[in-house]
Amino acid sequence: MRECSKCKKQYEDNVTYCQNCGEKLTQKKAGKGVHDKNARLWAGFNMKGSSLAPLACMSNENVAEREFGKVSTIPDLAKVTPKEDGSWYCPDCGEHNAPYAKNCKGCGRDFV
């Protein structure tokens, strides 16, 4: 979760800018524990009930990419939350947009 340092609203990790005030969000500090960037790869390794299924999926994706080329995916976009007057701050670039604008004037993102 991310938190706005200015107005203290909390947002999901895929939001970069506060939708209330436009401030750039900071990542909350993680608690004590493993801080290995590859920790997810090793999660459950050699543990009872661990599965190699994720590795098989990765292999299938690589084969498909080799045969069909790079497949475009829809990015995980954060939902835009408009203010009371209809204007909105872009969660990706922080630009303040006019009321009911269909696209962000800063980065071109759609109002989703």
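These are my notebook entries on a predicted model of a single structure.

**Overall layout.** I began with the secondary structure of the chain and found two helices and five strands. Reading from the N terminus on, I noted the order of the elements as β-β-β-α-α-β-β. I then looked up how residues far apart in sequence meet, and of the contacts in the chain between residues at least 6 apart, 30% join residues at least 24 apart.

**Surface and burial.** I looked up the exposed area of the chain, which is about 9,000 Å², with carbon and sulfur atoms supplying 54% of it. Of the 112 residues in the chain, I noted that 20% are buried.

**Nonpolar cores.** I turned next to the largest nonpolar core, whose six residues are Cys4, Tyr11, Val15, Cys18, Leu25 and Ala78. I also recorded a second, separate core of five residues, among them Val80, Trp88, Cys90 and Ala101. For Ala78 I listed the contacts beyond four places away in sequence, and these are with Asn14, Val15, Pro91 and Arg109.

**Aromatic pair.** I searched for paired rings and found one aromatic pair in the structure. It is formed by Trp88 and Phe111, whose ring centres lie 5.2 Å apart, and because their planes stand at 70 degrees, over the 60 required, I entered the pair as edge-to-face. The pair links distant parts of the chain, since Trp88 belongs to strand E4 (residues 88-89) while Phe111 lies in the segment after strand E5 (96-97), 23 residues apart. Finally I checked the cover of each partner: Trp88 is buried, at a relative accessible area of 0%, whereas Phe111 counts as partly exposed, at 37% relative accessibility.

Methods
Residues are numbered from 1 along each chain as its sequence is written. This is a predicted model: local features need pLDDT of at least 70, side-chain atom pairs count only at pLDDT 80 or more; totals for chains, interfaces and linings use all residues. Side-chain values use heavy atoms; hydrogens and water are left out. A nonpolar core is a set of buried Ala, Val, Leu, Ile, Met, Phe, Trp, Tyr and Cys residues joined through side-chain atoms within 4.5 Å. Buried means under 20% relative accessible area, exposed over 50%, partly exposed in between (1.4 Å probe, protein chains only). Contact means heavy atoms within 4.5 Å. Rings of Phe, Tyr and Trp (its six-membered ring) pair if their centres lie within 6.5 Å; planes under 30 degrees apart count as stacked, over 60 as edge-to-face and the rest as tilted. Helices (H or I, at least four residues) and strands (E, at least two) are DSSP runs, numbered from the N terminus. Accessible areas come from the Shrake-Rupley method with a 1.4 Å probe; for residues, only the protein chains shown count as cover.
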